[in-house]
Amino acid sequence: MARKRRSSSRALLAMAALAGFCLPVQAAIIGTCTIMVGASGTMKANPAISILGSKQAGGSSAGATVVASSLLCSILNLLDCYSVSAPAPAAFSSAPSGGGTNVAFASVFRLDGSGADVNGSVPQRVANGTHSMQVDLTATRSSGIFPAGNYQGTVTVRCE
């Protein structure tokens, strides 16, 4: 009878092992990057009314907070950390009739209070932790002036 129990136990063990291979594997979360949008910026016109930008007199930067957390970044000393960018939009989100014609957009951002502007399309690596971000947008009209009205531009902050 003992012999029969051993073979049953072995069969059950073998079945349990095979069943283990068929179970779905749970993926480990390696990291997260959270973007919290802060204050909206304000674009103002230059005296010639050919540039609208948050860096013009009376304008203000938009703000965001980026919180990066990557286990591999911590363990492997900055390998697989996140990068942030804020590329310029292709067009205004809203503008008066003719306001978006012949307009080129450019964006820059600064991290952690740094005074150095970074081209919005150029990703900057961030270490784990909380980082403040200031974003500026400039719209330049190649000919003529911007028509009167309300303009809105949206810059998307990315963390990849």
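In the predicted model, H131 counts as buried, at 9% relative accessibility. This histidine belongs to strand β9, which spans residues 129-141. Its side chain takes part in two short polar approaches. One is a polar contact of 2.9 Å with the side chain of D112, and the other runs from the side chain of H131 to the backbone oxygen of A127, at 2.7 Å. When residues up to four places away in sequence are set aside, H131 touches A64, T65, V66, D112 and V126. D112 therefore appears both in the contact list of H131 and as its side-chain polar partner, while the relative accessibility of H131 stays under the 20% cut-off for a buried residue.

Strand β9 also contributes to the ionic contacts of the model, through D136. The count of salt bridges comes to 3. In one of them D136 is paired with R110, with the closest N and O atoms 2.8 Å apart. This pair links distant parts of the chain, D136 being in strand β9 and R110 in strand β6, 26 residues apart. Both D136 and R110 are buried; for R110 the relative accessibility is 12%.

R110 forms a further salt bridge, with D117, where the closest N and O atoms are 2.9 Å apart. D117 in turn meets K55 in a salt bridge with an N to O distance of 2.4 Å. D117 lies in the loop between β6 and β7 (118-119), and K55 in the loop between β3 (51-53) and β4 (62-70), so this pair ties together parts of the chain that are 62 residues apart in sequence. The relative accessible area of D117 is 37%, which makes the residue partly exposed. K55 is likewise partly exposed, at 47% relative accessibility. Taken together, K55, R110, D117 and D136 are linked in a network of salt bridges. Within this network, R110 and D136 are buried, whereas D117 and K55 are partly exposed.

Aromatic contacts were examined next. A search of the whole structure finds 4 aromatic pairs. One of these is formed by F92 and F105, which are arranged edge-to-face, with 4.8 Å from centre to centre and 80° between the planes. The pair links distant parts of the chain: F92 is in the loop between β5 and β6, F105 is in strand β6, and the two are 13 residues apart. Both phenylalanines are buried. Ring pairs extend this arrangement into a cluster made up of F92, F105, F146 and Y151.

One member of the cluster, F146, also has a charged neighbour. The charged end of R141 sits over the ring of F146, at 5.7 Å from the ring centre. R141 falls within the residue range of strand β9 (129-141). On the C-alpha level, R141 is 7.7 Å from T101 in space, although the two residues are 40 apart in sequence. T101 is located in the loop between β5 (82-85) and β6 (103-111), and with a relative accessible area of 41% this threonine is partly exposed. The loop that holds T101 also contains F92 of the aromatic cluster.

The covalent cross-links of the model were considered last. The count comes to 1 disulfide. This bond is formed by C33 and C159, whose sulfur atoms are 1.7 Å apart. The torsion about the S-S bond is about 90°, so the disulfide is right-handed. C33 lies in strand β1 (residues 31-37) and C159 in strand β10 (residues 158-159), so the bond ties together parts that are 126 residues apart in sequence. The two cysteines fall into separate accessibility classes: C33 is partly exposed, at 22% relative accessibility, whereas C159 is buried, with a relative accessible area of 18%. The two values lie on either side of the 20% limit that bounds the buried class.

How values were computed:
Residues numbered from 1 in each chain as written. Predicted model: local features only at pLDDT ≥ 70, side-chain atom pairs only at ≥ 80, totals over all residues. Heavy atoms only, no water. Helix = DSSP H or I, 4+ residues; strand = E, 2+ residues; numbered from the N terminus. Buried < 20%, exposed > 50% of the residue type's maximum accessible area, 1.4 Å probe, protein only. Polar contact = N/O pair within 3.5 Å; in protein donor to acceptor, adjacent residues only side chain to side chain. Contact = heavy atoms within 4.5 Å. Phe/Tyr/Trp six-rings, centres within 6.5 Å; stacked < 30°, edge-to-face > 60°. Lys NZ or Arg CZ within 6 Å of the ring centre and 35° of its normal. Salt bridge = Lys/Arg side-chain N within 4 Å of Asp/Glu carboxyl O. Disulfide = S-S within 2.5 Å.
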